[in-house]
Amino acid sequence: MLFAWAILALLGVAQRAEGQGSCSSIVPRSEWKALASECSESLRKPLRYVVISHTAGSTCDSPASCEQQARNVQHYHMRSLGWCDVGYNFLIGEDGHIYEGRGWNTKGAHSGSTWNSRAIGISFMGNYMERVPPKRALRAAQNLLECGVALGALRSNYEIKGHRDVQQTLSPGDQLYQIIQTWPHYRA
């Protein structure tokens with residue numbers, strides 16, 4: 001009987017570890033050399049919503065270029081707009097990596113006052129009006145969503161919104177918007 005319980009316990013640990021395995025491709029702020037955050041407002045988890053956007057700027061396709069692009073976005077948000085940090089909770093690079101922005105715990109500045117406190121903001125680095133992100137970037141975003149559920153940051157029945165669903169904008173771009181509309185958790 002003790003042996004059966006030990007096996008069941010190990011299976012439970014393996015399942016939890018497997019769910020958090022989707023978190024392994026998150027590049028921490030220290031690795032992309034982010035400026036220190038000046039933000040202090042926390043999110044109340046688990047969150048129901050995820051807002052997908054694009055930066056509408058330059059793309060990046062290697063860790064070096066994506067780290068630089070993440071710094072560029074942060075610099076613009078903090079130095080030009082006067083925000084406390086990069087506005088997004090996470091950024092997705094065409095290199096297939098996830099770059100930690102404000103993370104799971106800190107309120108973003110990505111979708112306006114109604115949505116920032118209710119949603120995680122994920123932004124694809126690049127402009128996706130006329131082109132689609134590579135499959136590895138799309139996989140990274142889907143892994144991040146699995147990670148959020150596994151960590152308890154997102155509800156299991158979370159809803160994905162396109163940035164244009166919650167604000168007057170062209171983001172996340174026509175091509176990326178068409179793709180996310182096919183994802184199981186998308187709700188207009």
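In this predicted model, a convenient place to enter the fold is Ile-92, which, once residues up to four places away in sequence are set aside, touches His-97, Ile-98, Ile-122, Ser-123, Phe-124, Met-125, Ala-137, Ala-140, Ala-141 and Leu-144.

Ile-92 belongs to the largest nonpolar core of the protein, a set of 31 residues in which Ile-92, Trp-104, Phe-124 and Ile-160 touch the most other members. Several elements build this core, with at least two residues each coming from strand 2 (47-54), strand 3 (90-92), strand 5 (119-124), helix 4 (135-151), strand 6 (154-162) and helix 6 (174-180). Helix 4 makes the largest contribution, supplying seven residues of the core. Apart from this core lies another, made up of eleven residues that include Trp-32, Cys-66, Val-73 and Val-86.

From these cores one can step back to the order of the chain. The protein contains six helices and six strands, and reading along the sequence gives the pattern α-β-β-α-β-β-α-β-α-β-α-α. Among the contacts with a separation of 6 or more, 73% join residues that stand 24 or more positions apart.

What share of the protein's residues is buried? Of the 188 residues, 46% are buried, which here stands for under 20% relative accessible area. As for the outside, the accessible surface of the protein amounts to about 9,600 Å², and carbon and sulfur atoms account for 51% of that surface.

Conventions. Residues numbered from 1 in each chain as written. Predicted model: local features only at pLDDT ≥ 70, side-chain atom pairs only at ≥ 80, totals over all residues. Heavy atoms only, no water. Helix = DSSP H or I, 4+ residues; strand = E, 2+ residues; numbered from the N terminus. Buried < 20%, exposed > 50% of the residue type's maximum accessible area, 1.4 Å probe, protein only. Contact = heavy atoms within 4.5 Å. Areas by Shrake-Rupley, 256 points an atom, 1.4 Å probe, with all protein chains shown as cover. Core = buried A, V, L, I, M, F, W, Y, C linked by side-chain atoms within 4.5 Å.
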